[in-house]
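Visitor: I am new to this structure and would like a close look at the beginning of the chain. Please show me what is found there and where its links lead.

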Amino acid sequence: MIIDHLGFSVSNYDESKTFFSKALAPLGISLVMEFKGWAGLGKHGKAEIWFGQSGPAPGPMHIAFAAESREQVRQFYAAALEAGAKDNGAPGIRAHYHPDYYGAFVIGPDGHNIEAVCHTPDA
């Protein structure tokens with residue numbers, strides 16, 4: 001990854017923390033730490049995405065999370081919908097990106113388009 005970490009403001013900290021914690025759990029991403037009103041999520045103890053309620057939330061963003069398998073993409077999609085997201089593209093191949101692009105899209109808190117994607121064939 002070319003970015004070490006990313007941070008953005010949200011309109012409702014608790015709602016976002018609950019949503020991202022549930023939706024990203026199938027990808028092995030969890031809450032790593034909280035610091036001065038900010039939540040850091042990541043893997044292996046390293047927070048890579050941060051959010052906090054420190055100003056106006058940005059306009060809708062697209063954030064894609066890497067999945068290790070197509071099954072993880074499907075699990076992400078189900079968990080995100082259960083956590084309150086709206087469908088924005090069920091799990092499936094997106095051949096217009098490349099033949100093995102398997103992704104799922106949901107609209108989460110603050111209107112962000114949240115995706116899980118696996119690039120491995122039949123993984």
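Guide: We will start at the beginning of the chain, then follow its links to a pocket and to some charged pairs.

This is a predicted model, in which local features need pLDDT of at least 70 and side-chain atom pairs count only at pLDDT 80 or more, while totals for chains, interfaces and linings use all residues. Residues are numbered from 1 along each chain as its sequence is written, and side-chain values use heavy atoms, with hydrogens and water left out.

Let us begin with Ile3, which sits in the segment before β1; strands are DSSP runs of E with at least two residues, helices runs of H or I with at least four, both numbered from the N terminus. Ile3 is partly exposed, at 44% relative accessible area (buried is under 20%, exposed over 50%, partly exposed in between, with a 1.4 Å probe and protein chains only). Together with Met1, Ile2 and Leu6, Ile3 makes a nonpolar surface patch of about 500 Å². Such a patch joins nonpolar side chains (Val, Leu, Ile, Met, Phe, Trp, Tyr) within 5 Å, and like charges would be joined within 9 Å, from residues with over 30% relative accessible area and no salt bridge; the areas come from the Shrake-Rupley method with a 1.4 Å probe, and for residues only the protein chains shown count as cover.

Next comes Gly7, in strand β1, residues 6–9. Gly7 has a relative accessible area of 47%, so it counts as partly exposed. Leaving aside residues up to four places away in sequence, Gly7 touches Trp38 and Trp50 (contact means heavy atoms within 4.5 Å). The C-alpha atom of Gly7 is 5.8 Å from that of Ile49, although the two residues are 42 apart along the chain.

Met1 leads us to the pocket. The largest pocket holds about 370 Å³ of space, and Met1, Glu48, Ala64, Phe65 and Ala66 are the closest to its centre among 13 lining residues. Strands β3 (38–43), β4 (46–52) and β5 (62–66) each give two or more residues to this lining, and β5 gives the most, with 4. A pocket is an open set of points on a 1 Å grid over the protein atoms alone, where a 1.4 Å probe fits, with protein on both sides within 12 Å along at least five of seven lines; lining residues have an atom within 4 Å of a point.

Now for the charged pairs.

Side chains of opposite charge can pair when their charged atoms come close. The whole structure has 5 salt bridges, each a side-chain nitrogen of Lys or Arg within 4 Å of a carboxyl oxygen of Asp or Glu. One of them joins Asp4 to Lys46 at 3.2 Å, N to O. Asp4 lies in the segment before β1 and Lys46 in strand β4, 42 residues apart. Asp4 is partly exposed at 48%, and Lys46 is partly exposed at 34%.

Another bridge, at 3.6 Å, joins Glu68 and Lys43. Glu68 is in the loop between β5 and α2 (70–82) and Lys43 is in β3, so this pair ties together parts 25 residues apart in sequence.

Terms used: Grid points are joined across faces, edges and corners, and a volume is the space filled by probe spheres set on the points.
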